[in-house]
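Biologist: I'm new to this one. Can you walk me through it?

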Amino acid sequence: MHGDGRRLHDGEVVAPDERLSWPLTAGLGVQHVAAMFSATVLVPTATGFPVTSTLLFSGLGTLLFLVVTRNRVPAYLGSSFAFIAPLTAASGETAAAKLGGVLVAGLLLIGVGIAVKALGVRLLESVMPPVVTGAVVLVIGLALVDSATVEFGAQPLIGVVTLALVLGCTLVPRGLLSRVSILVGMVAGWLLAALTGGIDPVKLDRVGAAAWVGLPQLQSPELRPSVILLVIPVVLVLVAENVGHVKAVAAVTGRNLDGNVGDALIANGLATALAGSGGGSGTTTYAENIGVMAISRVYSTATYLVAGLIAVLLSLSPKFGAVIDTVPPGVLGGASLLLYGMIGLVGVRIWQRDGVDFTDPVNLAVVAVAVAAGVGDLTITLGGMTIGGIAWGSIAVVAGHPLLRWLRRLGGGRVSGSRPPG
């Protein structure tokens, strides 16, 4: 218990191994659910997987992640956008074949995690030094901003009200109200939308038609090489996302979590393999929830325990899932505009903390290309598979940094470390 569990002073943080009172922890868990929900249900909607099944494995995956990382890495596992492109490219295949691709991706990610855990942090640091992880986090945050601005522009009044309340609750009041600012802003924006007719009537009809209780649709996977080959490149993106997110969590919480990266990769691999075995989308640690932590300054893993349990319960109630699905785009855009921007700045914080030297032309060049590809949403189709900006930005910095360093040394040029000379 952090203090008396009820009161927090300005600037005070709740550590990962601490918690507030259970009612407050439950409220903060609901805030995490609100942050992850729209993105988590978007992936199954785009790939043809059942939403309730994806929610089930998202919640179970989060609980599994907390167990495997021994409650040291506060994170939520939601649907990974990296799977949208290959699974869409495999649209002619059966749902079972797509699940087989998700299963194999999870197993490969487990293998990468075991290698990182066995060979130590030095392997990680050599492959993904601070300049790389900071760039991956920055690309992930800023590449998502476009979706937030589109949603904001669809309902600007609701977006302005939501964003204003989130900022107001974050910056003006003292105490717990500032910790749940995202939830307050989204609820207020939803109420405004309900009063002004800003909620999709089709979604409201679905709420009335949805059953209160219902089991998620489960399905077994089928292994097909044609789908597996499409999904394998996703593993590189998942590794980059997970390492970047763990670095971001470390930067936000002020803790060194390098020793937990292997566990995080294994846990995410297990969660993805579990989803592929039963009918859900592949998972990844969620940047949206890192943004919530950065705003609330409550890093307790207990809030993610609650969020995971709520996701499981939602998967058993189509009615509640339909209600949350009514959150209008203006509300999502208003909250996401701040969250995604803060995620990007976490990447900058990683650079500042580790003193990344941007007078080094290698660092400057590789980050420039990665950020431009990610933020510009560079999209290229190769062999029938469409790869988007986040993937290209991550690949560019992860693969390009060691290659450019090697070429720089080969040409006799100076390659700096993390910190500038002098």
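Modeller: Sure. Helices (H or I, at least four residues) and strands (E, at least two) are DSSP runs, numbered from the N terminus. Here the chain has 17 helices and 4 strands. This is a predicted model, where local features need pLDDT of at least 70, side-chain atom pairs count only at pLDDT 80 or more, and totals for chains, interfaces and linings use all residues. Residues are numbered from 1 along each chain as its sequence is written, and side-chain values use heavy atoms, leaving out hydrogens and water.

Biologist: Which elements have the lowest and the highest mean pLDDT?

Modeller: pLDDT is the predictor's confidence in each residue, from 0 to 100. Strand β4 (residues 385-387) is lowest among the elements, with a mean of 63, and helix α11 (residues 261-278) is highest, at 94. For the chain, the mean is 82, with 89% of residues at 70 or more. Where pLDDT is low, don't read the predicted coordinates in detail.

Biologist: How many Å should helix α4 span?

Modeller: The expected span is 1.5 Å times one less than the number of residues. Helix α4 (residues 95-119) has 25 residues, so 36 Å is expected; its end C-alpha atoms are 37 Å apart, which agrees. Just after α4, G120 takes a positive phi of about 95 degrees.

Biologist: What share of the chain's residues is buried?

Modeller: Buried means under 20% relative accessible area (1.4 Å probe, protein chains only). Of the 422 residues, 55% count as buried.

Biologist: And what about contacts?

Modeller: A contact means heavy atoms within 4.5 Å. Among contacts between residues at least 6 apart in sequence, 82% join residues at least 24 apart.

Key:
Buried < 20%, exposed > 50% of the residue type's maximum accessible area, 1.4 Å probe, protein only.
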